[in-house]
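Trainee: I am new to this structure and should be grateful for a close look at a single part of it. Would you please take me through the strands and how they are joined?

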Amino acid sequence: MKRASNALILTLIILVAASASAQSSASKLDGMWSDPPATAVGTFCAMLCNDAGTERLNALLDDPKNDARPFADLQNEARKDQVEFIRQRLTDAALKTYPVDQAGNPSFLRCEPPGLAQQMFMPHQFEIRTRGKERIELRYGEWEARRTVYLDGRNRPANQPPSKMGFSVGRWDGDTLVVETSGIAPAIAGWPQVLAFSSLHSDQLRITERYVRSTDGKALMLTATAEDHWSLREPIVLKKIWRWAPESKIAPYKDCQRPTEFSKGVQR
């Protein structure tokens with residue numbers, strides 16, 4: 001009986017330690033984040049970026065021939081490599097409507113909040129709040145959009161239809177928050193207005209997000225892996241950076257104005 005009691009005590013100690021570790025990890029991300037650090041890569045990854053783009057940007061910045069060139073020019077050149085990298089990984093089905101015409105973008109036309117594949121890369125405020133042991137709430141400054149990330153291991157309800165933000169479950173990998181989302185309604189991925197990259201995705205889209213705080217605590221880094229057999233030939237990895245901004249607040253979203261004039265085929 002004594003051995004059984006010792007085993008039970010050891011199990012309880014492990015569970016308490018794991019719970020304390022998770023709570024400690026959560027506290028490291030909790031709070032308000034906003035526009036990225038004022039660095040070259042921070043500016044480049046203010047909305048979304050990938051390794052192909054950042055590698056190209058760093059190569060351009062390291063080349064003495066570009067010392068007199070404006071940063072905006074170098075950034076635009078690097079973005080071309082980034083967009084081409086993504087385009088090459090789109091399926092024939094996705095390429096039929098690529099790039100998505102703004103005249104067919106509900107968010108642009110009717111001031112409707114976009115789906116997760118755009119929302120997660122929007123600029124400005126991003127708030128993380130731990131709500132007990134079972135969930136984390138993510139809140140975005142753009143559209144005051146909210147997401148719930150469940151930490152209790154639950155499965156997506158079988159009868160739950162796809163939604164704009166999907167169904168998210170999360171776990172802690174050390175100090176990294178890992179979020180897996182499925183059940184995302186078909187929508188647009190990318191930013192047609194800014195990055196000249198926009199493609200449709202299906203309800204088969206699955207996104208795995210990894211959030212980690214920088215060593216100095218001043219930045220939050222997102223690495224998102226997207227998989228969608230309908231639109232992507234292979235998974236793609238996109239990234240984003242925010243700056244620690246406890247002074248920032250999310251205000252009611254009321255600035256969107258519906259366009260009164262637009263032309264088909266115009267991306268900006």
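Mentor: Two strands are said to pair if DSSP finds at least two bridges between them. With that in hand, we may turn to the model, which is a predicted one.

The protein chain holds eight helices and 11 strands. Nine strands close into a barrel, and their order is β1-β2-β3-β4-β5-β6-β9-β10-β11. The pairing in this barrel is mixed, and from one strand to the next the twist averages 30°.

Let us look closely at β4, which covers residues 146–150. What do its side chains do along the strand? They alternate: R147 and V149 are buried and point to one face, whereas R146, T148 and Y150 point to the other face and are not buried. Buried here means under 20% relative accessible area.

On one side, β4 pairs with strand β3, residues 135–140, in the antiparallel sense, and five bridges hold this pairing. Within it, T148 of β4 stands opposite E137. The hairpin of β3 and β4 has five residues between the strands, and W143 takes a positive phi near 70° in this hairpin.

The other partner to consider is strand β5, residues 167–173, which runs parallel to β4 and is joined to it by two bridges. V149, one of the buried residues of β4, has S168 in β5 as its bridge partner. Strand β4 thus shows both senses of pairing, antiparallel with β3 and parallel with β5.

Elsewhere in the barrel, strand β1 (residues 31–34) and strand β11 (residues 236–244) run antiparallel and are joined by two bridges. There, W33 has W244 in β11 as its bridge partner.

For the setting of this part, some values for the protein chain may help. Of its 268 residues, 43% are buried. Among contacts between residues at least 6 apart in sequence, 58% join residues at least 24 apart. The accessible surface is about 14,500 Å², and carbon and sulfur atoms account for 53% of that surface.

A word on the helices completes the picture. Helix α3 (residues 51–62) packs with helix α4 (residues 71–87) at an angle of about 145°, and their axes are 8 Å apart. The crossing of α3 past α4 is right-handed. Residues that meet in this contact include L57, L60 and L61 in α3, and F71, L74 and F85 in α4. By class, the contact has eight nonpolar, three polar and three charged residues.

How values were computed. Residues numbered from 1 in each chain as written. Predicted model: local features only at pLDDT ≥ 70, side-chain atom pairs only at ≥ 80, totals over all residues. Heavy atoms only, no water. Axes fitted to C-alpha atoms, helices over the stretch in contact; angles between N-to-C directions. Helix = DSSP H or I, 4+ residues; strand = E, 2+ residues; numbered from the N terminus. Left-handed = near helix turned anticlockwise from the far one by under 90°. Contact = heavy atoms within 4.5 Å. Nonpolar A, V, L, I, M, F, W, Y, C, P; charged D, E, K, R; others polar. Buried < 20%, exposed > 50% of the residue type's maximum accessible area, 1.4 Å probe, protein only. Areas by Shrake-Rupley, 256 points an atom, 1.4 Å probe, with all protein chains shown as cover.
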